[in-house]
Amino acid sequence: MAERRYVFKIVVIGDGAVGKTSLIARFAEKTFKAEYKPTLGTNIIIKELKVGSNNIKLLLWDIAGQSKWRDVRHLYYRGAQGCIVVYDVTRPATFDSVSEWYKDLIKFSGEVPRILLANKVDLTDIRKIQQEDGLRLAEEMTAEYYETSAKDGTQVNEAFETISKLILQKT
Amino acid sequence: MIVFSALLTALNELMGRDGKNSVLRYAGLEEYINQEVPPSVDESVSFDTFSALLSSMQELLGHGTHAILYESGRKFALYLTPFGYSLTDAVSKLANWLGGNVIINVEKDDDEGIVQIKNNPFCLIKEMVSKSPSCHLISGALAKIKEESTGHNYFVKEMLCESKGDSHCEFHIFKRSEVKKDG
């Protein structure tokens, strides 16, 4: 089968400090930094991967979670072909706001493939949101669900590969 | 010459510091990352540098959407042109800034204006071959210039584009509404 090349834009959204930047860094650069530096606007990271005989260039849009970017954020969603929504299992407020992020996604990007990530699952002692809650929310969003840790790499590659495959299936 | 710094300022406002840096990084222009870029820097900016910035913007920000490039163009115009310039004055200044062999013709300068650009450096720089008009940055800039000169809302649609083999780029300006802008 002939090789084909694709470029996919994926937006990564969720409240501030849930680990969006760290998840992308883990996937794209195999690194993790514990210090928190809020994203200003949007950070665009490029990662190439191969799925079957397809060469895929991912444009990963790490979108600032802070409310000060709300006015321009709608522009960042435009043209996205897939989405990763992230919450932090130790902070229930970040789980509660997933539905707001989801609404924005549908409004500005439409019904694109999406996955829900329950991040920071390595922090088992202080975990507040359990797997069944995450699975229920993912079902409501018609999204795949992964439990991830940017710190130790749990399920991170799988999550990014899955969203790439979902987009590919729709292409 | 403030084209380069105006573009970076527009990017910074629209995409934030990290967004601007992403575009610069992809363009291979690391020396401008996290730097304030004063207008005077343009004197030392080469054609290749400007070209790299535009190509990077097109590839990163133009994927699947025109909206960000169009909005970047609006911001770009805001930093590029003083308030109150007529469309004719502003585009002739734009021609001077861009340099080269560019020929700009403002065919009409009323509510339904038409601007033609031949040897459009934004097309030459990108060396683009496109199936549809691709100068969204210029479209946004023209809309903003027109708005600032009249106080009304406009949108601009590019009908012909050198990148798709037309003899020139042609932008049609439409008045959006009669509502006066706040300023």
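This note reviews the fold of chain A, its contact with chain B, and the domains of chain B in a predicted model.

1. Chain A contains 6 helices and 6 strands. Their order along the sequence is β-α-β-β-α-β-α-α-β-α-β-α. With a radius of gyration of 15 Å, close to the 16 Å that the globule rule gives for 171 residues, chain A is as compact as a globular protein of that length.

2. The C-alpha trace of chain A spans about 50 × 35 × 30 Å along its principal axes. Buried residues make up 47% of the 171 in chain A. Among contacts in chain A with a separation of 6 or more, 73% join residues 24 or more positions apart.

3. Where chains A and B touch, 16 residues come from chain A and 14 residues from chain B. On the chain A side, strand E1 (4–13), strand E2 (42–51) and helix H2 (70–77) each give two or more residues. E2(A) gives the most, with 3 residues. By class, this side of chain A has 8 nonpolar, 6 polar and 2 charged residues.

4. Chain B is divided into domain 1 (3–67) and domain 2 (69–175). The contact between these domains takes 18 residues from domain 1 and 13 residues from domain 2.

5. On the side of domain 1 of chain B that touches domain 2, helix H1 (3–27) and helix H2 (47–61) each supply at least two residues. H1(B) provides the largest share, 8 residues. The residues on this side of domain 1 divide into 11 nonpolar, 6 polar and 1 charged.

Conventions: Residues numbered from 1 in each chain as written. Chains lettered and ligands numbered in written order. Predicted model: local features only at pLDDT ≥ 70, side-chain atom pairs only at ≥ 80, totals over all residues. Contact = placed C-beta atoms within 7 Å. Helix = DSSP H or I, 4+ residues; strand = E, 2+ residues; numbered from the N terminus. Nonpolar A, V, L, I, M, F, W, Y, C, P; charged D, E, K, R; others polar. Domains from an automatic or database assignment. Rg over C-alpha atoms; globule rule 2.2 N^0.38 Å. Buried ≥ 20, exposed ≤ 12 C-beta atoms within 10 Å, placed from the backbone.
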